[in-house]
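Colleague: I am new to this one. Can you take me through it step by step?

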Amino acid sequence: MRKVRKGDLVKVIAGRDRGKVGEVLRVFPAEDRIMVKGVHMVKRHQRPTARQREGGIIEQEGKIHLSNVLLICPECDTPTRVGFALSPEGEKLRKCKQCGRTFP
Ligand SMILES: [Zn+2]
């Protein structure tokens, strides 16, 4: 189970976009990296394709390392490190280290 999932809100705590909050667009589990909406924008050269005849430079989210973000707890709305806990039913949950509450 991952600490950060697609659709989570995270706060960036390092790098050029420090302080920004955004939604996780993609997770790259093998690299421990994520893509966050509006964060770490990088310019890419786009080749012309059948759909888009003109190439050019587009700006796109780049990958950032998981260690550079904190999850925003959906329960207490605070940036936090994440732990894990088991529900009474034995289901694995994430746990906020700020408020102690659990969430999927
Ligand atoms: Zn919390």
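**Strands, sheets and domains**

Modeller: β10 and β11 are antiparallel partners, paired over two bridges. Keep in mind that this is a predicted model.

Colleague: In β11, which residue is the bridge partner of Arg-94?

Modeller: Strand β10 covers residues 92-96. β10 and β11 pair in the antiparallel sense. In β11, the partner of Arg-94 is Phe-103.

Colleague: What is the order of the open sheet of three strands?

Modeller: The pairing in this sheet is antiparallel. Its edge strands, each pairing on one side only, are β9 and β11 (102-103). The order is β9-β10-β11.

Colleague: Over how many bridges do strand β9 and strand β10 pair?

Modeller: β9 holds residues 82-86, and β10 holds residues 92-96. Gly-83 stands opposite Lys-95 in β10. The two strands are antiparallel, and the number of bridges is five.

Colleague: Which residue in the turn between β9 and β10 has a positive phi?

Modeller: β9 and β10 form a hairpin, with five residues between them. A phi of about 85 degrees occurs in that turn, at Gly-90.

Colleague: Now the other sheet. In what order do its six strands run?

Modeller: This sheet is open too, with antiparallel pairing. Its edge strands are β6 (63-65) and β8 (79-80), since each pairs on one side only. The order is β6-β3-β2-β1-β7-β8.

Colleague: Which residue in β7 does Val-10 stand opposite?

Modeller: Strand β1 spans residues 9-12. β1 and β7 pair in the antiparallel sense over three bridges. Opposite Val-10 in β7 stands Leu-71.

Colleague: And in β8, what is the bridge partner of Leu-71?

Modeller: β7 and β8 run antiparallel, joined by two bridges. One of the pairs is Ile-72 with Pro-79 in β8. For Leu-71, the partner in β8 is Thr-80.

Colleague: How many residues lie between β7 and β8 in their hairpin?

Modeller: Asp-77 sits in that turn, with a positive phi of about 65 degrees. The number of residues between the two strands is six.

Colleague: Let us turn to domains. How far apart are the centres of domain 1 and domain 2?

Modeller: The domain assignment gives domain 1 as 1-72 and domain 2 as 75-104. The centres are taken over C-alpha atoms. Their separation is 24 Å.

Colleague: How many residues of domain 2 are in contact with domain 1?

Modeller: On the side of domain 1, 11 residues take part. They divide into six nonpolar, no polar and five charged. On the side of domain 2, the number is 12.

Colleague: What area do domain 1 and domain 2 bury between them?

Modeller: In domain 1, Met-1, Lys-3 and Leu-71 lose the most area to domain 2, together 54% of what that side buries. Carbon and sulfur atoms carry 66% of the area buried between the two domains. That area is about 1,000 Å².

Colleague: Which strand gives the most to the side of domain 1 that touches domain 2?

Modeller: Three residues on that side come from one strand. The strand covers residues 69-72. It is β7.

Colleague: How far apart are the closest N and O atoms of Arg-94 and Asp-8?

Modeller: Between domain 1 and domain 2 the count is one salt bridge. Three residue pairs are in polar contact across the interface. Arg-94 forms a salt bridge with Asp-8, because its closest N–O distance is within the 4 Å cut-off. That distance is 2.8 Å.

Conventions. Residues are numbered from 1 along each chain as its sequence is written. This is a predicted model: local features need pLDDT of at least 70, side-chain atom pairs count only at pLDDT 80 or more; totals for chains, interfaces and linings use all residues. Side-chain values use heavy atoms; hydrogens and water are left out. Domain bounds come from an automatic or database domain assignment. Contact means heavy atoms within 4.5 Å. Buried area is the accessible area (1.4 Å probe) that two parts lose on being put together, summed over both. A salt bridge is a side-chain nitrogen of Lys or Arg within 4 Å of a carboxyl oxygen of Asp or Glu. A polar contact is a pair of N or O atoms within 3.5 Å; within protein, one must be able to donate a hydrogen and the other to accept it, and residues adjacent in sequence count only if both atoms are side-chain atoms. Helices (H or I, at least four residues) and strands (E, at least two) are DSSP runs, numbered from the N terminus. Ala, Val, Leu, Ile, Met, Phe, Trp, Tyr, Cys and Pro count as nonpolar, Asp, Glu, Lys and Arg as charged, and the others, Gly among them, as polar.
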